[in-house]
Amino acid sequence: MSKGYNFNLKNKKIWVAGHNGMVGKAIVKTLRDRKLNVLTVNKSELDLTNQSKTFNWIKTNKPQAIFIAAAKVGGILTNSLNQSEFLYQNLMIQNNIIRSAAENNVQKLIFLGSSCIYPKEADQPIKEEALLCKPLEETNEGYAIAKIAGLKLCSYLYKEHNKDFITIMPTNLYGPNDNFNLTTSHVLAALINKITYAKKNNKESVEIWGTGKPKRDFLHVNDLADAVYFLAEKYSSSEPINVGSSKEVSIKELAKTIAKLAGWNGTFSFNENMPDGTMLKKLDTTKINNLGWRPKIDIKTGIKETIKEYEKTYSFSDSALVKN
Ligand code: GFB
């Protein structure tokens, strides 16, 4: 990566693909807060799994920079039950955008991987070089293989055709606009849902999947968006770069923290018929720290704000989440 590199996003036409998801919304906000020119297109207008439609949209709209926040994402349960869809949809979406961006001479592309694509038993904390060095975690293999393919496509285009297409590897994320649906969500959102429901309905106990022993490195999505903006301008390399909190917490400890912040003092039961998945997943953030970036939002503040936003947004029917 060249020293003193800077890609100035000012006066550039920027497309955030997947602008309606938790990550996409945070990236759009971060860019628009900086008065940058951000383009978005809804799923109803553009099906990103369709190669020619994606190519023609990029050809017509001529974005000079693209942030790929579009993906089929979900927690451990939905990933483990829908591996074919996670593999297929993510391959189609990312390959259509990356390939069309290369053919239309897009100047900068930022592809988002995920820490879950590192090996199940990678040395801790996980360095970028750990990729592909040991077997993957079974519960999200389909998603991981798709994301590794996207990362490699960007890397090869960088090396073979000098395309400034970079890959960022975020850790587990949480925050506003997260998915709180109990079967498809990630753990932090799921526990906020379960614990606030228990509080509202005077339930004594909340179920935690697995043993509660796995540890996760959680980063607030606004910190990720800040890092993505920073790296879009400062980072140019064929190699991926991690973005994490450099901390970790066990699922059991996380549940206790959420309960305390939500004002619920019930007990937890552990359903060991559900998978633990990867036991440790803390990212090594030396590379991004050396570039001068660090997260700002501590997890307790982040969870408190997320609980508040969640309780404002959702109420409960007996069976499902209902948006207010
Ligand atoms: O967040 P999560 O679904 O995904 O699960 P991963 C993290 C840990 O929390 C697992 C436990 O050990 C779960 O068993 N857990 C406990 C729960 N209670 C719950 C619950 O009610 N809901 C959920 N969802 N988990 C994902 C990958 O792995 O990491 C995705 O599957 C994605 O592809 C994401 O990349 C970042 O952290 O295990």
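Visitor: Why is Thr306 called buried?
Guide: Buried is the word for a relative accessible area under 20%, exposed is for over 50%, and partly exposed covers what falls in between (1.4 Å probe, protein chains only). Thr306 has 2% relative accessibility, so it counts as buried. Keep in mind that this is a predicted model: local features need pLDDT of at least 70, side-chain atom pairs count only at pLDDT 80 or more, and totals for chains, interfaces and linings use all residues. Residues are numbered from 1 along each chain as its sequence is written, and side-chain values use heavy atoms, with hydrogens and water left out.

Visitor: What touches Thr306, and what makes a contact?
Guide: A contact here is heavy atoms within 4.5 Å. Skipping residues up to four places away in sequence, Thr306 touches Tyr174, Gly175, Phe180, Ile192 and His220.

Visitor: Which helix holds Thr306, and what makes a run a helix?
Guide: Thr306 sits in helix α10, residues 299–313. Helices and strands are DSSP runs numbered from the N terminus: H or I over at least four residues for a helix, E over at least two for a strand. Tyr310 is also in helix α10.

Visitor: Is Tyr310 buried or exposed, and how do you know?
Guide: Tyr310 comes out at 0% relative accessibility, so it counts as buried. As for distances, the C-alpha atoms of Tyr310 and Arg294 are 26 Å apart, with their places 16 residues apart along the chain.

Visitor: How many helices and strands does the whole chain have?
Guide: The protein chain has 10 helices and 14 strands.

Visitor: How do you know how compact the chain is?
Guide: Take the radius of gyration over C-alpha atoms and set it against the globule rule, 2.2 Å times the number of residues to the power 0.38. The chain has a radius of gyration of 19 Å and the rule gives 20 Å for 324 residues, so the chain is as compact as a globular protein of that length. Along its principal axes, the C-alpha trace spans about 60 × 45 × 35 Å. By the cut-off for buried, 52% of the 324 residues qualify. Among contacts with a separation of 6 or more, 80% are between residues 24 or more positions apart.

Visitor: What about Val41: buried or exposed?
Guide: Val41 is buried, since its relative accessible area is 12%. Its place is the loop between β2 (37–39) and α2 (51–61). Leaving out neighbours within four places in sequence, Val41 is in contact with Trp15, His19, Leu46 and Trp57. Val41 and Ala17 are 24 residues apart in sequence, with 7.4 Å between their C-alpha atoms.

Visitor: How do you know whether Cys154 is in a disulfide?
Guide: A disulfide is a covalent bond between the sulfur atoms of two cysteines. The test used here is a pair of cysteine sulfur atoms within 2.5 Å. The structure holds 0 disulfides. For Cys154, the nearest cysteine sulfur is that of Cys116, 17 Å away, and Cys154 is in no disulfide.

Visitor: Are those two cysteines buried or exposed?
Guide: Cys116 has a relative accessible area of 12%, which means buried. Cys154 is at 0%, so it counts as buried.

Visitor: Why is Glu103 called partly exposed?
Guide: Glu103 has a relative accessible area of 42%, so it goes in the partly exposed class. Glu103 belongs to helix α4, residues 83–103. Its C-alpha is 9.6 Å from that of Ile58, which is 45 residues away in sequence.

Visitor: What makes the backbone at Asn105 and Asn177 worth a look?
Guide: Phi of Asn105 is near 55°, a positive value in a residue other than glycine. Asn105 is in the loop between α4 and β4, and its 57% relative accessibility means it counts as exposed. Asn177 has phi near 65°, again positive in a residue other than glycine. Asn177 lies in the loop between β6 (172–174) and α6 (187–200), and at 37% it counts as partly exposed.

Visitor: What is the omega angle from Gln124 to Pro125?
Guide: Omega is near -15°, and that peptide bond is cis. Pro125 falls in the loop between β4 (108–112) and α5 (141–161).
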